[in-house]
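Okay, thanks for coming, everyone. Let me put the structure up and then we'll walk through a couple of spots.

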Amino acid sequence: MNKEQNREAVIVRTSVVGIVANVFLAAFKAAVGILSSSIAVVLDAVNNVSDALSSVITIIGTKLAGKAPDKKHPYGYGRIEYLTALVIAVIVLYAGLTSLVESVKKIFNPTEPDYSTIALVIIAVAVVVKIALGLFVRDRGKKVNSDSLIASGTDALMDSIISASTLVAAFVFIVFHISLESYLGVIISILIIKSGIEILKDTLSEILGERIEADFSHSIKQTIKNCSPDIQGVFDLDLHNYGPDRLLGSVHVEVPDGWTSDKIDFLSRKIQEEVYAKHGVLISAVGVYSVNTRDEEVILMRNKVHDMAFSHKHVMQIHGFHVDREHKRMSFDVIFSFDCPNSKEEYAALCSEVGMAFPDYKIQINMDYDISD
């Protein structure tokens, strides 16, 4: 069994455990809630049903995401997992809104709860089960990088707090004869809605495309630098997410201007092999910047342009600097930070400054983006 198949098997097994546990909890809580006329317990049971349904959807999404790439979708179906998380978020939101409506109705038309010892014992057991289930599912989710499992585990831990609050409400009613059921139902509903909004927000962020973590970016760049002592810089690491653990990208490297095409080809293949072996990332393209290393005048020009660029507050980096003295051409890339209020104006100013400093040259400055650390 390969890594991808093992990941799918873990997600499915964990989801099945969640389904079984939530169905049993829902059945017991529903019976207790109806017998004791407790709206809070009934709503807690509904929440367990939504959790079980979420696990079913997680299994379906994982199976669909595991489909092999085809002509229409050459990068595979991995992003279906994010759509699965969207569906789960909608289910959670619906459950929360429905619960909120029912709780508000109970505030205006209250019924007195009737707790029994067995009901309280079942709720207490549910708290323990939910804590164990939440920790188990969340831990598995982190191990296999499954947002759906992590969300389900976190939701289960929150459910344990909700169930515990139901016990508190029962204690208050038994001791002080004050019914907090309906108001507790409103609080539970709000927590469920909050959970749904957070899942929705995180999933939409994944679909839009997030910046890769700084440590991961630095690690990949270091692996690339280690491929040859002649690599003078690694830039423009651009990774695209086609599902959990499915990253495809490109990168630029600076190499001496005297390199031949066969040497560049060998380095490109080595970079692709090393990055995939160590990080599981497929580098589909390795771009090359030729660095002038044998012309002292060009080196002085580069230093001058470097100082001019970094006199601008929001310039983060320049790279790919190259000068063709024969045809009087100069080119390089410049990266502005995202907090630059008007990068186009700063870019225009820099172009003007460099052009005035080197009037005999045709200047090409590419405005690049801060896509990775």
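I'll start with the ground rules, then do the sheet, then a surface patch.

So, this is a predicted model: local features need pLDDT of at least 70, side-chain atom pairs count only at pLDDT 80 or more, and totals for chains, interfaces and linings use all residues. Residues are numbered from 1 along each chain as its sequence is written, and side-chain values use heavy atoms, with hydrogens and water left out.

Now the sheet. It's an open one with 3 strands in the order β4-β5-β6, and the pairing is mixed. Strands here are DSSP E runs of at least two residues, helices are H or I runs of at least four, and both are numbered from the N terminus. Pairing takes at least two DSSP bridges between two strands. At the edges sit β4 (315–324) and β6 (362–368), each pairing on one side only. From one strand to the next, the twist averages 15°; angles go from 0 to 180 degrees between N-to-C directions, with axes fitted to C-alpha atoms, for helices over the stretch in contact.

β5 (residues 329–336) and β6 run parallel, joined by 7 bridges. Helix α10 (residues 343–357) packs on the sheet and touches β5 and β6, at about 155° to the direction of β6. Contact means heavy atoms within 4.5 Å.

Last stop: which loop holds Ile178? The one between α5 (147–176) and α6 (181–208). Ile178 is partly exposed, at 45% relative accessible area; that class lies between buried, under 20%, and exposed, over 50% (1.4 Å probe, protein chains only).
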